[in-house]
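Here is a short guided report to read alongside the model. Keep the sequence and the 3D view open as you go through the headings.

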Amino acid sequence: MNNKFDYNLIKTLVLVYETKSMSKSAQALGISSPTLTYALNKLRDYYNDPLFIKSIKGLKATPLANQLYPSFKHIDEEISHSVMVSVDDPPEIPNVIIRTNTMIEYYLVDKLLKNTGNFLWS
């Protein structure tokens, strides 16, 4: 087993396992079939296992691929969930209260409005 693991290969194993097809997996990843073959070969070298064997019904997972799939699937889902966090929900900004005299207040309001333009005043 090689010491360096390429975490980008997690999705490769998950898709090949689920589709049982190199071409469908490559299409889903938006890469060419030779690129997918190269990625899968990196996984095979890392684990020293073929991982998938050609069969009449498509690719058949080896026992090691069956063992890896649940963990890899979970990792892939966690990454996908983290990436899909909505940027439409802005972080909550706490209220800031500044007590000043009138002249400083006018000065600060002018500076704040010029820099942001979207403060709510109460």
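## Overall layout

The chain is made up of five helices and two strands. Following the sequence from its start, these elements come in the order α-α-α-β-β-α-α. Please keep in mind that this is a predicted model.

Of the chain's 122 residues, 22% count as buried. The accessible surface amounts to about 9,800 Å², and carbon and sulfur atoms contribute 57% of it. Looking at contacts with a separation of 6 or more, 49% are between residues 24 or more positions apart.

## Helix H4 and its bend

Helix H4 covers residues 63-83. It has 21 residues and spans 31 Å from its first C-alpha to its last, close to the 30 Å expected at 1.5 Å a residue. If you trace H4 in the viewer, look for a kink of about 35° at Tyr-69, shortly before the proline Pro-70.

Which residues of H4 are buried? They are Ala-65, Leu-68, Tyr-69, Phe-72 and Asp-76. In an α-helix there are 3.6 residues a turn, so residues three or four places apart point the same way. The cover over the buried residues of H4 includes helix H1 (9-19), helix H3 (33-47), strand E1 (52-55) and strand E2 (58-61).

## A buried aspartate

Asp-76 is a good residue to pick out in H4. Its relative accessible area is 9%, under the 20% cut-off, so Asp-76 counts as buried. Beyond its neighbours within four places in sequence, Asp-76 is in contact with Ile-10, Lys-11 and Val-14.

## A nonpolar patch on the surface

Now turn to the outside of the model. Ile-75, Ile-79, Val-83 and Met-84 form a nonpolar surface patch, and together they have about 410 Å² of accessible area.

Is Val-83, one of these patch residues, buried or exposed? Its relative accessible area is 61%, over the 50% cut-off, so Val-83 is exposed. Val-83 belongs to H4, the helix that also holds the buried Asp-76.

## Val-16 in helix H1

Val-16 sits in helix H1. With a relative accessibility of 0%, Val-16 is buried. Leaving out neighbours within four places in sequence, the contacts of Val-16 are Ser-21, Met-22, Ser-25, Leu-36, Phe-52 and Leu-59.

One of these partners, Leu-59, is worth a second look. Val-16 and Leu-59 are separated by 43 residues in sequence, yet their C-alpha atoms are 7.9 Å apart in space.

## Two loop residues with positive phi

Most residues other than glycine have a negative phi. With that in mind, two loop positions deserve a visit.

Lys-20 has a positive phi of about 60°, although it is not a glycine. Lys-20 is found in the loop between H1 and helix H2 (22-29). With a relative accessible area of 41%, between the 20% and 50% cut-offs, Lys-20 is partly exposed.

Asn-48 is not a glycine either, and its phi is positive at about 55°. You will find Asn-48 in the loop between H3 and E1. Its relative accessible area is 68%, over the 50% cut-off, so Asn-48 counts as exposed.

Note on methods:
Residues numbered from 1 in each chain as written. Predicted model: local features only at pLDDT ≥ 70, side-chain atom pairs only at ≥ 80, totals over all residues. Heavy atoms only, no water. Helix = DSSP H or I, 4+ residues; strand = E, 2+ residues; numbered from the N terminus. Buried < 20%, exposed > 50% of the residue type's maximum accessible area, 1.4 Å probe, protein only. Contact = heavy atoms within 4.5 Å. Areas by Shrake-Rupley, 256 points an atom, 1.4 Å probe, with all protein chains shown as cover. Patch = residues over 30% accessible without salt bridge, like charges linked within 9 Å, V, L, I, M, F, W, Y side chains within 5 Å. Salt bridge = Lys/Arg side-chain N within 4 Å of Asp/Glu carboxyl O. Expected span 1.5 Å × (residues − 1). Bend = angle between axes of the 7 residues up to and from the residue.
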